[in-house]
Amino acid sequence: MTTKETNQETFLNEIAKNLGRPRKKEVVRPTWKKRPQWEVLKSASQDELVSKLKDRCLAIHTQVEEATLDTLASTLDKVLNDYEASSIISWQDPRFAEYGLDSFFEQHREKGHNVREWDSSDEKGNITFAEHADVGITFSDMTLAESGTVTLLHDSGKGRSVSFLPKSFIAIIPKSTLVPRISQATRMLHQKVEAGEDIPSCVNFVSGPSNSADIEMNLVVGVHGPVRACYILVDDQ
C-alpha cells in the first residue's frame, strides 16, 4: 500500500470512528419499494410518444417536422431554406449516408454554401467554423418524449460544438430512438457500463434552443446557444 493509500485509509477510518459506526467499504444497491420513474408513459405506443414529444416541443419553442426516409432530404432542405442557412456544420456520422443524405451536403456545396463535416484532426478549425455557422446538424441517439430532449453521444467525429455554437440547431430524430423519459436513457448508459463497453466522455441532453429567465420570469430564448431548434422526426421503421 502506498503512502497516499495509507493516508486515505487513515483519514476514512477516522471519519467512521467519529461518526460512531463501522467503516463501510462497499456500496450495496438498495431495494426500492417504489419506482415511479418507470411508470411514466409506461404503456404508451410509439404514436403516443410522438404526440407527447410534439406537445412538449410547443412549450420549449422547438419546431417539429416529420419525414420518411424518402422525404428526409427535401424536408431538411426546406428547414435550411427557412433558416436562410449558407454555412452548415454536421457530425461525421455514418447515419447521414444510411439515411440517404450522402450527397446532400455535396449538393449544398455546389450551391456555393459553406459546408463542413466535423474533422477530428482539426478541433480548433471545427470550433472556429461552428462559431460562425448558421446551422449545426446532428442525429439524436435517444429521444425523450416527456421533455422533448435529444440525447447526443459525442465522440471524436461528433463534436459538442455542433449543437452548441451555431445560430440554429437541427436534430434528425429516428422514430426508433423515442423512449418515454430520461430513465430509459440513463439505463441504457448504465447497461453499457455494466457490459464493459466504452461510453462517451460527454453525453448531452438538449431540450430545444437555449433559454433563460430573469427574476421576473421574463423568458429569453437563445441566450447562450442556438436561437432556434428544429427536430426532424424520421419514420425509420
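Which residue of β12 stands opposite isoleucine 170? In this predicted model, the residue opposite isoleucine 170 is cysteine 230 in β12.

**Strand β7 and its partners**

Isoleucine 170 belongs to one side of strand β7, together with Ser168, Ile172 and Pro174, and these residues are all buried. The other side of β7 carries Phe169, Ala171 and Ile173, which are likewise all buried, so that both faces of the strand are covered. Taken as a whole, β7 spans residues 168-174, and seven of its seven residues are buried.

Strand β7 pairs with β12, and it is also joined to strand β4. The run of β4 relative to β7 is parallel, and within this pair threonine 138 stands opposite alanine 171 of β7. The pairing of β7 with β12 is also in the parallel sense. The table lists these strand pairs, together with a pair from the open sheet described further below.

| Strand pair | Sense | Bridges | Opposite residues |
|---|---|---|---|
| β4 (135-139) and β7 (168-174) | parallel | five bridges | threonine 138 and alanine 171 |
| β7 (168-174) and β12 (228-235) | parallel | seven bridges | isoleucine 170 and cysteine 230 |
| β5 (142-144) and β6 (149-153) | antiparallel | three bridges | methionine 142 and threonine 151 |

**The segment after β12**

Glutamine 237 lies in the segment that follows β12. This residue counts as exposed because its relative accessibility is 62%, the threshold for that class being over 50%. Apart from neighbours within four places in sequence, glutamine 237 is in contact with Gln46 and Ser176. Its C-alpha atom is separated by 27 Å from that of histidine 61, a residue 176 positions away along the chain.

**Helix α6**

Helix α6 comprises residues 123-132, and its buried residues are Gly125, Asn126, Phe129 and Ala130. Viewed down the axis of α6, the buried residues fall within an arc of 130° and therefore line one face of the helix. The face turned away from this buried side bears the exposed residues Glu123, Lys124 and His132. The buried residues of α6 pack against three elements: β2 (87-90), β3 (114-117) and α7 (161-164).

**The open four-stranded sheet**

Four strands form an open sheet in the order β8-β5-β6-β9, and their pairing is mixed. Its edges are β8 (178-179) and β9 (203-206), each of which pairs on one side only. Helix α8, residues 182-194, packs on this sheet and touches β5, β6, β8 and β9. The direction of α8 makes about 155° with that of β5. Within the sheet, β5 and β6 pair in the antiparallel sense, and threonine 151 in β6 is the bridge partner of methionine 142.

Key:
Residues numbered from 1 in each chain as written. Predicted model: local features only at pLDDT ≥ 70, side-chain atom pairs only at ≥ 80, totals over all residues. Heavy atoms only, no water. Buried < 20%, exposed > 50% of the residue type's maximum accessible area, 1.4 Å probe, protein only. Helix = DSSP H or I, 4+ residues; strand = E, 2+ residues; numbered from the N terminus. Pairing = 2+ DSSP bridges. Contact = heavy atoms within 4.5 Å. Arc of directions from axis to C-beta. Axes fitted to C-alpha atoms, helices over the stretch in contact; angles between N-to-C directions.
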